[in-house]
Every structure is written in C-alpha cells, then in structure tokens.
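Work through these exercises with the model open beside you. Try each task before you read its solution.

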Amino acid sequence: MRIPLDDRSRVLVLTGAGISAESGVPTFRDANGLWEGHDVTRVASPEGFEDDPTLVWRFYAGRRAAMAGVRPNAGHAALVALEARLGDRFLLATQNVDGLHRDAGSTRMVEMHGNLMTTRCATCDRAPFRDTTAHATVPVCTSCHGGLLRPDIVWFGESLDPAVLDRLEQFVTTAGRDLVFVAVGTSGVVYPAAGLVEVTRRVGGTSYLVNLEPPANVASFDHVVLGPSATQLPTLFA
Ligand code: BV8
Ligand code: ZN
C-alpha cells in the first residue's frame, strides 16, 4: 500500500505506543490492561496520585529508568522525513510520553499526553521543567515550599492542554477534504485521540491505519495497513 499525496495534501499523523514497540518500549494494552502490574487508575489518575503519590512516582521512576539506551526506530525516522518534505502541510500528534519523536528530530509535533521527562508542581504554577531523575520518594516543590511535584503527564480524567486541542482543530479545519489522517500503532481506545478518525470523516478527509493487528476501531478507517510500523512507514508515502 502507498498513500497517494499531492501538493495540496495535508497529513496529520497520530502515533501511539505501537510506534515505540520496536524500540523496546512496552505498549499498554499488550500488558493485559495492567501497566507493569499496576491498575491504571491507581498510577495514572489524579485520584491515584492524591491517594498514594509514592506509588505513582515509583511507577514513573521505573518508566524513566527504562528509557536509558532506548533509541527511535525507522518508523520515527520516516515521520521526520515526511515532515521535511511537507513542511507546514504536516503535523504529528503523539499520545506517547516517551519523547522518541523529539529524539528522532520531529518538530511539527504536539505531545497530547505530555512528556515522561518533564515534572511540574501539583500545587503552584511554576513552569514545568525537564527532569530525568527516577525519584524513589515524592519530590517537594522548592517554589511554593510544600507542593508535591508530579510528572507533567495528562492522566485519565484530566483534560488535555487547550492549546494542543486548538492546534489540532486548526490543522483539520484548514485541511478539509485535503486531510490525510494516518493513525500508527494505537489501539484507538483513549479519547480524545481516538476521536480523530471521526473528525477526519466529518471534514471529508481520508483516514489510514498502520497497525500490527486490527484494533477495536479498525472499521472507522478508510484504509488499513497491517504490519510493524518500522517496516511499513518508510515506504508508505508515495
Ligand atoms: C479527557 C498518559 C476530558 C499516562 C495517557 C470516565 C471517567 C473519566 C474519563 C473518561 C471516562 N470514560 C472515558 C473517559 C475519557 C478518557 C478515556 O478515553 N478513557 C478510556 C480508557 C475509555 N480520556 C481521558 O481521561 C483524557 N482526558 O478526556 O479529558 C475529561 C475530563 C474529565 C472527565 C472526562 C473527560 C485523558 C487521556 C490521557 C490518558 N493518559 N497517557 C502515561 O502514559 O503514563 S493514555 C495512555 O494510553 C498512553 O498515553 C497511550 O498512548 C494511550 C493509548 O494507548 P496506545 O498508545 O493506543 O497504546 P496501546 O498499547 O493501547 O496500543 C498499541 C497498539 O499498537 C496496539 O493496537 C498494537 O497492536 C499496536 N502495535 C504494537 N506493536 C506495533 C504496533 N503497531 C505497529 N507496529 C508495531 N511494531
Ligand atoms: Zn509548587
């Protein structure tokens, strides 16, 4: 399968954990609904953090440590090349917090769910900052002297950054029928990311799915390419 592009095509790529699988980063739903043995609502929700911030930091510390030596793969690189070719007619929306798109060189990108290596204060509005420490205990804010620091990640039940949603809305409405939406390595379970395929249909665009196997929302896509993204993406865009 080759995705036909012309000089009016505007390409929006949505990636999920599947694009990082071939870099050795575990996906979520392959872990039979548990993340490294944790119930997602206890380690990736504001209630969970409120209830046991140490457990949450232990979960994120483990994921930060696991990123040591992890590199982007050919799938990430293919999206950097496509961005270079299309310029402002390209936008990448990733659900991943692993930072591998940034490491690969992607710039026209929104990290919908935040970034694993960024920390912010749960209490005050000090700017989120880069933090690669695998905290074993809950770090305390030095600005407001008491607030607990937390991963700068969008947890379940938390709203996405309005600026991110606006940027996606802008891209999709500008593109209209010229929109080519490509979802890569995502199970299509988590909203609002999973809703982008319907938004594409609403504006008259065309949708493609590149995935190892058919996910729950496979029927929503116009075209489906089954296979590993590191193999499929480098030759996908005509
Ligand atoms: C929101 C950060 C408004 C954490 C994540 C009830 C109460 C409260 C909320 C809700 C509710 N019901 C629904 C909701 C909304 C909720 C939601 O959608 N829940 C789902 C579970 C039903 N969404 C939210 O809460 C969002 N906020 O809606 O705000 C609001 C506010 C208040 C109340 C209501 C609404 C926030 C969602 C963000 C959650 N945070 N991540 C962290 O990462 O630590 S989501 C988390 O799942 C990750 O970010 C991940 O990216 C995402 C989705 O998973 P996938 O990326 O798709 O990964 P998965 O493993 O599932 O799939 C991988 C796929 O790849 C598989 O299909 C596999 O076959 C394929 N694959 C594997 N290998 C390869 C491959 N493909 C290609 N090549 C390969 N080699
Ligand atoms: Zn603070």
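**Exercise 1. Two sides of a helix**

Which exposed residues does the face of α7 turned away from its buried side carry?

Solution. Keep in mind throughout that this is a predicted model.

Step 1. Locate the helix. α7 covers residues 162-175 and has 14 residues. From its first C-alpha to its last it reaches 20 Å, close to the 20 Å expected at 1.5 Å a residue.

Step 2. List its buried residues. These are Val164, Leu168, Phe171, Val172 and Ala175. They cover an arc of only 90° around the axis, so they sit on the same side of α7.

Step 3. Recall the rule behind such a pattern. An α-helix has 3.6 residues a turn, so residues three or four places apart point the same way.

Step 4. Turn to the face directed away from the buried side. The exposed residues there are Pro162, Glu169 and Gln170.

Step 5. See what the buried residues of α7 pack against. Their partners are the strands β1 (10-15), β4 (90-94), β5 (109-111) and β9 (179-184), together with helix α8 (196-202).

**Exercise 2. A second helix**

Name the buried residues of α5 and find what they pack against.

Solution.

Step 1. α5 runs over residues 74-86 and has 13 residues. Its reach, first C-alpha to last, is 18 Å, close to the 18 Å expected at 1.5 Å a residue.

Step 2. Its buried residues are Gly75, His76, Ala78, Leu79, Leu82, Glu83 and Leu86. Their arc is only 155° around the axis, which puts them on the same side of α5.

Step 3. These buried residues pack against β1, α1 (18-21), β4, α6 (100-104) and α9 (229-232).

**Exercise 3. An open sheet**

In what order do the 3 strands of the open sheet stand?

Solution.

Step 1. The order is β7-β6-β8, with antiparallel pairing.

Step 2. Find the edges. β7 (129-130) and β8 (149-153) each have a single partner strand, so one side of each is left without a neighbour in the sheet.

Step 3. Check one pairing. Strand β6 (residues 114-121) is joined to β7 by 2 bridges. Thr118 stands opposite Arg130 in β7.

Step 4. Add the helix. α4 (residues 53-66) packs on the sheet and touches β6 and β8. The direction of α4 makes about 140° with that of β6.

**Exercise 4. Buried or exposed?**

Sort Thr41, Ser207 and His145 by accessibility. Buried means under 20% relative accessible area and exposed means over 50%.

Solution.

Step 1. Thr41 lies in helix α2 (residues 40-43). Its relative accessibility is 47%, so Thr41 counts as partly exposed.

Step 2. Ser207 lies in strand β10 (residues 206-211). With a relative accessible area of 1%, Ser207 is buried. Beyond its neighbours within four places in sequence, Ser207 has contacts that include Phe181, Val197 and His223.

Step 3. His145 lies in the loop between β7 and β8. At 67% relative accessibility, His145 counts as exposed.

**Exercise 5. Backbone exceptions**

Which two residues does a cis peptide bond join, and what is the phi of His145?

Solution.

Step 1. Start from the rule. Most residues other than glycine have a negative phi, and most peptide bonds are trans.

Step 2. The cis bond joins Tyr191 and Pro192, with omega about 5°. Pro192 is in the loop between β9 and α8.

Step 3. His145 has a positive phi of about 50°, although it is not a glycine.

Terms used
Residues are numbered from 1 along each chain as its sequence is written. Chains are lettered from A and ligands numbered from 1 in the order in which they are written. This is a predicted model: local features need pLDDT of at least 70, side-chain atom pairs count only at pLDDT 80 or more; totals for chains, interfaces and linings use all residues. Side-chain values use heavy atoms; hydrogens and water are left out. Two strands pair if DSSP finds at least two bridges between them. Helices (H or I, at least four residues) and strands (E, at least two) are DSSP runs, numbered from the N terminus. Contact means heavy atoms within 4.5 Å. Axes are lines fitted to C-alpha atoms, for helices over the stretch in contact, and angles run from 0 to 180 degrees between N-to-C directions. The expected span of a helix is 1.5 Å times one less than its number of residues. Buried means under 20% relative accessible area, exposed over 50%, partly exposed in between (1.4 Å probe, protein chains only). The arc is that of the directions from the helix axis to the C-beta atoms.
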